[in-house]
Amino acid sequence: MESKTSILITCLIFATAFQLLLPLSEASGRGSELKVGYYKDKCQKAESIVTSTVSSYVKSYPGLGGGLIRMFFHDCFVRGCDASVLLDPTPENNQTEKLAIPNFPSLRGFEVIDAAKAELEKECKGVVSCADIIALAARDASYLLGNIFYKIPTGRLDGRVSNSTEALLNLPPPFFNLTQLEALFATKGLNAFDLVALSGAHSIGRSHCSSFTSRLYPTIDPTMDQNFGASLRKLCPDPKNATNDGVVPQDFVTPDKLDEQYYKNVESLTALFFSDWSLLTSSETSKQVDTYTKEPETFKQDFANAMVKMGNIEVLTGPPGEVRGPTCRFVN
Ligand code: HEM
């Protein structure tokens, strides 16, 4: 009996020590408190309201679909998926995440979330969190632009804190190399496999010239196809002489399709960012890139799984989390 107890204690000590080594999101297991269909008995129309709002916007402006998928990423990587990215500056806090360099002025889709929240508040006041609206909107955008269908667990609560410095520190800049990207993703409980799968989102949407002109001037980066670089120079003048920051599609071949074209662009050195190119710099990640160029369905499946995994990062399912309302722009 005594030895059984000591074995149990030893096991507990090991389990606790092991948990401490894991990233927060995995160690706490908080993501597992989410569930598919969480709103079924709380607000039956919740998911369909988000879906119809997103589809009406994305059908008119496909670019907003890219904005919503990126918004999900930028929300989840900073304090977890808690809608902190949606908070507007106030006199008490004038430096919220949405004003940070990675988000301002490029992050878009806020009007879609506002519209969905307004409808949801009419249908069931104070029930559906803004964090879940972002997650559902990203799922719907993935379907509309990529025919990628997946179920996303819900039940997230909204956070009350938003800080622009945290956004700067937790979101990867386009000049990161693979080691830096992998390290950052690891802090969120995501691995290199997830990194490669999620990067496929760069097959839609746009980029401002300022995100990659360092690869064009004074000389075209040797890690970029030289003809591609020359054509980008025509669209994006040297920042020294530029009067405004133009935009270009991320994927010139199928700009509004969330598909495997991104990986073909990476291989042909015609993706915009150094971070995109860096996926070729390990045999493991470059193999995965190559697989996706040949197996679009594998990409879709892996992308869907990685989006669900990203949606579990450090979620709030209890205090101090709240269901923000009547708008997603201010805490209660
Ligand atoms: C791996 C590291 C990543 C880096 C360094 C990165 C960086 C960037 C940058 C610099 C832009 C252009 C912003 C602009 O100038 O307008 C951009 C756009 C975009 N990113 Fe990423 N990103 C990364 C990962 C991701 C992930 C994981 C997702 C989503 C799953 C994502 C989705 C998007 C989308 C959809 C756009 C286009 C947005 C629009 O059209 O409004 N990115 N990214």
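Where is His-74 found? His-74 sits in helix 4, where helices are DSSP runs of H or I with at least four residues, strands are E runs of at least two, and both are numbered from the N terminus. Before going further, a word on what you're looking at: this is a predicted model, in which local features need pLDDT of at least 70, side-chain atom pairs count only at pLDDT 80 or more, and totals for chains, interfaces and linings use all residues. Residues are numbered from 1 along each chain as its sequence is written, and side-chain values use heavy atoms, with hydrogens and water left out.

**His-74 and the largest pocket**

UniProt, in an unreviewed entry, puts the feature "active site" at His-74. UniProt positions are given in the numbering used here, feature names are shortened, and such annotations may be inferred rather than shown by experiment. His-74 counts as buried because its relative accessible area is 4%; buried means under 20%, exposed over 50%, and partly exposed in between, with a 1.4 Å probe and protein chains only. Leaving out residues up to four places away in sequence, His-74 touches Glu-97, Pro-102, Asn-103, Leu-107 and Leu-171, contact being heavy atoms within 4.5 Å.

His-74 also turns up in the largest pocket: of the 43 lining residues, Arg-70, His-74, Pro-172, His-202 and Phe-273 lie nearest the centre. The volume of the largest pocket is about 1000 Å³. On a 1 Å grid over the protein atoms alone, a pocket is an open set of points with protein on both sides within 12 Å along at least five of seven lines, a cavity is a set where a 1.4 Å probe fits but cannot get out, and lining residues have an atom within 4 Å of a point. Grid points are joined across faces, edges and corners, and a volume is the space filled by probe spheres set on the points.

Which helix gives the most to the lining of the largest pocket? That's helix 4, with seven residues. Elements that each supply at least two lining residues include helix 8 (178-187), helix 9 (192-199), strand 1 (206-208) and helix 14 (296-310). By type, the lining of the largest pocket splits into 24 nonpolar, 14 polar and five charged residues. Here Ala, Val, Leu, Ile, Met, Phe, Trp, Tyr, Cys and Pro count as nonpolar, Asp, Glu, Lys and Arg as charged, and the others, Gly among them, as polar.

**The annotated binding site**

The "binding site" feature comes from UniProt too (unreviewed entry), at Asp-251, Thr-254 and Asp-259. Asp-251 is in the loop between strand 2 (247-249) and helix 11, and Asp-259 is found in the loop between strand 2 and helix 11 as well. Asp-251 is buried, at a relative accessible area of 0%, and Asp-259 is buried at 10%. Among the contacts of Asp-251 beyond four places in sequence are His-202, Ser-203, Asp-259 and Gln-261. With the same kind of neighbours set aside, Asp-259 is in contact with Gly-200, Ser-203, Asp-251, Thr-254 and Phe-299.

Gln-261 lies in helix 11 (residues 261-267) and counts as buried because its relative accessibility is 13%. Outside its four-place neighbourhood, Gln-261 touches Asp-251, Val-253 and Thr-254.

Here are the polar contacts in this region. A polar contact is a pair of N or O atoms within 3.5 Å; within protein, one must be able to donate a hydrogen and the other to accept it, and residues adjacent in sequence count only if both atoms are side-chain atoms.

| Partner one | Partner two | Distance |
|---|---|---|
| Gln-261 side chain | Asn-265 side chain | 2.8 Å |
| Asp-251 side chain | Val-253 backbone nitrogen | 2.8 Å |
| Asp-259 side chain | Thr-254 side chain | 3.0 Å |

**A cavity and some backbone details**

The structure holds one cavity of 30 Å³ or more. Its lining residues include Arg-215, Met-224, Leu-269 and Trp-277, and the lining as a whole divides into five nonpolar, two polar and one charged.

Leu-269 has a positive phi, near 60°, though it is a residue other than glycine. Leu-269 is in the loop between helix 11 and helix 12 and counts as partly exposed at 27% relative accessibility. Asn-147 has a positive phi as well, about 55°, and at 52% relative accessibility Asn-147 counts as exposed.

Finally, check the prolines. The peptide bond from Pro-319 to Pro-320 is cis, with omega near 5°, and the bond from Gly-325 to Pro-326 is cis too, with omega near 5°. Pro-320 is in the segment after helix 14, and so is Pro-326.
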